[in-house]
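Trainee: I should like to work through this structure by question and answer. May we begin once it is displayed?

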Amino acid sequence: MFLILKFCGIRRKEDVEYLNILKPTMAGFIFAQSPRKLNLNEAEELLKEKCDTVKSVGVFQNQDIQLVCDYS
């Protein structure tokens, strides 16, 4: 059996510290309208601290395709 686990709404350095300990399959960073929304600079700082084994996922909603490409 293969289990995929994603933690979503990562927005604090403490969240990334937990990711690095628990090592889920993926971590979700929200760029859609939400109380957990990040801008690109905030996400880049958090991604520097995240271990490479945890894949990163961006969450977007009705945003311009160019913005999505800029964030990838």
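**Salt bridges, helix faces and core**

Mentor: In this predicted model, a salt bridge joins the side chains of Arg12 and Asp15, at 2.8 Å from N to O.

Trainee: Is Asp15 buried or exposed?

Mentor: Buried means under 20% relative accessible area. Asp15 has a relative accessible area of 14%, so Asp15 is buried.

Trainee: How does Arg12 count in terms of accessibility?

Mentor: The class between buried and exposed runs from 20% to 50% relative accessible area. Arg12 has 42% relative accessibility and therefore counts as partly exposed.

Trainee: How many salt bridges does a search of the whole structure find?

Mentor: Besides the pair Arg12 and Asp15, the side chains of Lys48 and Glu45 meet at 3.1 Å, N to O. Lys48 and Glu45 lie three residues apart in helix H2, about one turn of the helix. The search of the whole structure finds a total of two.

Trainee: Of Lys48 and Glu45, which counts as exposed?

Mentor: Exposed means over 50% relative accessible area. Glu45, at 46% relative accessibility, is therefore partly exposed. At 60%, the residue that counts as exposed is Lys48.

Trainee: Over what arc around the axis are the buried residues of H1 spread?

Mentor: The buried residues of H1 are Asp15, Val16 and Leu19. They lie on the same side of H1, because they cover an arc of only 95°.

Trainee: Against which elements do the buried residues of H1 pack?

Mentor: The face of H1 turned away from the buried side carries the exposed residues Tyr18 and Ile21. The buried residues of H1, in contrast, pack against strand E1 (6–8), E2 and H2.

Trainee: What accessible area do Tyr18, Ile21 and Leu22 have together?

Mentor: Leu22 belongs to helix H1, residues 13–22, and is exposed, with a relative accessible area of 54%. Tyr18, Ile21 and Leu22 form a nonpolar patch on the surface, and their accessible area together is about 370 Å².

Trainee: Which elements give two or more residues to the largest nonpolar core?

Mentor: The largest nonpolar core has 11 residues, among them Val16, Leu19, Ala27, Phe29, Ala43 and Leu46. The elements that contribute two or more residues to this core are H1, strand E2 (26–30) and helix H2 (40–49).

Trainee: With which residues is Leu38 in contact, leaving aside its neighbours within four places in sequence?

Mentor: Leu38 is itself one of the residues of the largest nonpolar core. Beyond those neighbours, the contacts of Leu38 are Ile10, Arg11, Phe29, Ile30, Phe31, Ala43 and Leu46.

Technical notes:
Residues numbered from 1 in each chain as written. Predicted model: local features only at pLDDT ≥ 70, side-chain atom pairs only at ≥ 80, totals over all residues. Heavy atoms only, no water. Patch = residues over 30% accessible without salt bridge, like charges linked within 9 Å, V, L, I, M, F, W, Y side chains within 5 Å. Areas by Shrake-Rupley, 256 points an atom, 1.4 Å probe, with all protein chains shown as cover. Salt bridge = Lys/Arg side-chain N within 4 Å of Asp/Glu carboxyl O. Helix = DSSP H or I, 4+ residues; strand = E, 2+ residues; numbered from the N terminus. Buried < 20%, exposed > 50% of the residue type's maximum accessible area, 1.4 Å probe, protein only. Core = buried A, V, L, I, M, F, W, Y, C linked by side-chain atoms within 4.5 Å. Contact = heavy atoms within 4.5 Å. Arc of directions from axis to C-beta.
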